[in-house]
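Me: I would like to go through the salt bridges in this structure and the reasons for each label.

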Amino acid sequence: MKKAALLFWIAAVFLMLSGCRAIRIEEAERTPLKYTVVDSSRIPEEAASLIEEKKAAEFQMIYQSGEDMYLIKGYGRQMSGGYSIQVTDLSLSSTAIFFSTKLIGPSKDSQSGEPSYPYIAVKTEYREEPVQFQ
């Protein structure tokens with residue numbers, strides 16, 4: 001029994017050490033990135049399919065198409081329509097891309113009785129740096 005437990009722990013440590021890679025993301029000086037907010041009809045078909053699968057819960061994803069990179073942030077099921085989303089930051093540091101958005105609730109006049117699944121898709125130039133969703 002002790003031998004099996006010892007082998008288990010050795011295997012677990014080996015897997016943890018061999019599969020991990022640390023990425024250091026620093027809050028260094030940032031440069032704003034150019035981007036375009038993409039209408040849902042212009043999102044690549046494969047990305048639109050992934051959004052449809054994930055839309056019920058909050059999600060974030062990156063989709064690459066050629067030289068373009070799509071950063072997509074969804075806010076999950078909301079009890080009514082009329083929500084909008086604002087990009088508050090899309091910038092690049094020496095080690096990462098930072099993407100942050102803000103969900104803006106509907107006004108009393110624009111609320112509907114139907115649930116909605118607000119998300120935003122932003123297209124920018126493809127980059128190698130990891131994306132930090134905030």
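Me: Why is Glu129 called partly exposed?
Reply: Buried means under 20% relative accessible area, exposed means over 50%, and partly exposed lies in between (1.4 Å probe, protein chains only). Glu129 has 22% relative accessibility, so Glu129 counts as partly exposed. This is a predicted model: local features need pLDDT of at least 70, side-chain atom pairs count only at pLDDT 80 or more, and totals for chains, interfaces and linings use all residues. Residues are numbered from 1 along each chain as its sequence is written, and side-chain values use heavy atoms, without hydrogens and water.

Me: What makes Arg127 and Glu129 a salt bridge?
Reply: The term requires a side-chain nitrogen of Lys or Arg within 4 Å of a carboxyl oxygen of Asp or Glu. The closest N and O atoms of Arg127 and Glu129 are 3.3 Å apart, so the pair qualifies.

Me: Why is Lys73 called buried, and what is Glu58?
Reply: Lys73 has 11% relative accessibility, so Lys73 counts as buried. Glu58, with a relative accessible area of 57%, is exposed. Lys73 and Glu58 form a salt bridge, with the closest N and O atoms 3.4 Å apart. Lys73 lies in strand β4 (residues 68-75) and Glu58 in strand β3 (residues 58-65), so the pair ties together parts 15 residues apart in sequence. Strands here are DSSP runs (E, at least two residues), numbered from the N terminus.

Me: How do you know that Asp89 and Arg30 meet in a salt bridge?
Reply: The N to O distance between their side chains is 2.8 Å, so the pair meets the rule.

Me: How many salt bridges does this rule give?
Reply: The count comes to 4.

Technical notes: Helices (H or I, at least four residues) and strands (E, at least two) are DSSP runs, numbered from the N terminus.
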